[in-house]
Amino acid sequence: DSPEKSYNCYLGQLDVENKKVKIVRRNKNSETTLLSADMPNSAISRGTKHTLEFRCYGTAQTTLQLLIDNALVANVGDTSSSKHLQGLSGIQVRNGTAYCDTFTVSQYTETGATPNSWTPNQITGLTLSAWYIGNEGITSTGNTITGWSDQSVNTNDLTTGGTQPQLVSNAVNNYNVVQLDGVDDFFVATNHSSLAMNTDGVSVFSIVSTKTFASDAGIVVKNATYALEVNNTLGYEFTNGTDKTSPSSFVGLTETYHLVGAVTDKDNDTGLGGLFIDGLSVAGITFGAGVDNSNELFVGKNSTPNFFSGNIAEVVLIKGECSLDQRQLVEGYLAHKYATASLLPSDHPYKNYAPIIQS
């Protein structure tokens, strides 16, 4: 969300053109500038980095402070903050202290316009083969799912087999997810040429919550011989049908959502392949391409039933092997969408911001 959509809040604003800082109170569509002050000369030069801190505290009078490079540049009290102190989103009072209850950090272009967010259909140099989103493309009767449409341009739509998975609303960061029971729920798509991966390798990413295990290898996503799966005692792993990565240490027993991805290294030469949990490499790829070049795709099981038990929020399937930059773009997109960014490594380029489309 951009600040234009925020209300019942305080804003610390920078007006670089006029060399001013402002503190603003917003109630619905009404704004009041509480303070306008000169920006320090040290913070005006282009191309330099500075720290910005905005503080809110107090009760009967809310005190607001704006600091640049740890130096106080704006300080004002607000005695008309009642709308922010009644449990509404924005500022709340708990035990005598006012807190920011909801806030967003947004990036802006040089013109001040909010940039467009990057999504997997913006990936360049590789083919987005299939893309399944729990919030989109679901056909269902009540909560019982009958189909799941591909959001890429390839129409690799999924149909259900066995019993039918369930749709769970607002399961993770207000997004819907697909629930599979680990017994006989699954999806299948067949005979689509864009799914033949062995020549080019594969990159697959999913936001997933593992629940329980009904078999030795519950399949999250399986394309031909490639499979992203869970080991019933050890963790997530990736296989080409003959060889497997070492499994991750298991992160799914608490039924929390994680970003699980894998990138092949079909020629064993790039060193960029591996199994990644929340953006962290947990196992390298030491094997080549799979032997099966069919176009089959399963979500929730494989051709010899090994069913997955848990929830899937989104699946991104890419034909080709992601570079480091490409992998981190997909990870940043998924992690911020589903509120798992706090689990990304501290040096991940999208730890604090979702990726945007560069103009």
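Is Lys244 buried, partly exposed or exposed? Hold that thought, everyone, and I'll come back to it after a quick introduction.

What we have here is a predicted model, where local features need pLDDT of at least 70, side-chain atom pairs count only at pLDDT 80 or more, and totals for chains, interfaces and linings use all residues. Residues are numbered from 1 along each chain as its sequence is written, and side-chain values use heavy atoms, with hydrogens and water left out.

Let's begin with the overall picture. The chain has 1 helix and 24 strands; helices (H or I, at least four residues) and strands (E, at least two) are DSSP runs, numbered from the N terminus. Of the 359 residues in the chain, 48% are buried. Buried here means under 20% relative accessible area, exposed means over 50%, and partly exposed is in between, with a 1.4 Å probe and protein chains only. The accessible surface of the chain is about 17,000 Å², and 46% of that belongs to carbon and sulfur atoms. Those areas come from the Shrake-Rupley method with a 1.4 Å probe, and for residues only the protein chains shown count as cover. As for contacts (heavy atoms within 4.5 Å), if you take those with a separation of 6 or more, 57% are between residues 24 or more positions apart.

Now, back to my opening question. Lys244 counts as partly exposed, because its relative accessibility is 45%. Its side chain meets that of Glu237 in a salt bridge, 3.3 Å from N to O. By salt bridge I mean a side-chain nitrogen of Lys or Arg within 4 Å of a carboxyl oxygen of Asp or Glu. Glu237, by contrast, is buried, with a relative accessible area of 3%. Glu229 joins in too: Glu229, Glu237 and Lys244 are linked in a network of salt bridges.

The whole structure has 7 salt bridges, and I'd like to show you two others. One is between the side chains of Asp38 and Lys20, at 2.7 Å, N to O. Asp38 lies in strand S3 (residues 30-38) and Lys20 in strand S2 (residues 20-27), so this pair ties together parts that are 18 residues apart in sequence. Asp38 is exposed at 54% relative accessible area, while Lys20 is partly exposed at 27%. The other is in helix H1, where the side chains of Glu331 and Arg327 meet at 2.8 Å, N to O. These two are 4 residues apart in the helix, which means about one helical turn separates them. Both Glu331 and Arg327 are buried.

While we're on H1 (residues 324-337), please find Gln328 there. Gln328 is buried, at 14% relative accessibility. Leaving out residues up to four places away in sequence, Gln328 touches His348, Pro349 and Tyr350.

Next, the interior. In soluble globular proteins, nonpolar side chains tend to be buried together. A nonpolar core, for our purposes, is a set of buried Ala, Val, Leu, Ile, Met, Phe, Trp, Tyr and Cys residues joined through side-chain atoms within 4.5 Å. The largest one here has 36 residues, and those touching the most other members are Trp148, Leu158, Phe187, Phe238, Leu297, Ile312 and Leu317. Strand S24 (residues 308-319) gives the most to this core, with 4 residues. Apart from this core lies another, of 25 residues, including Trp118, Val177, Leu329 and Tyr338.

Which strand shall we look at for burial? Try S20, residues 258-263: 6 of its 6 residues are buried, so the strand is largely enclosed by the rest of the structure. His258, Val260 and Ala262 cover one side, with Leu259, Gly261 and Val263 on the other, and all are buried. S20 runs antiparallel to strand S21 (residues 274-277), and 4 bridges join them; two strands pair if DSSP finds at least two bridges between them. Within that pairing, Gly261 stands opposite Phe276.Finally, some backbone angles. Most residues other than glycine have a negative phi, and most peptide bonds are trans. Asn170, in strand S13 (residues 166-172), has a positive phi, near 50°, and is exposed at 53% relative accessible area. Asn174 has a positive phi as well, near 70°. Asn174 sits in the loop between S13 and strand S14 (175-181), and is exposed at 60%.

Thanks for listening!
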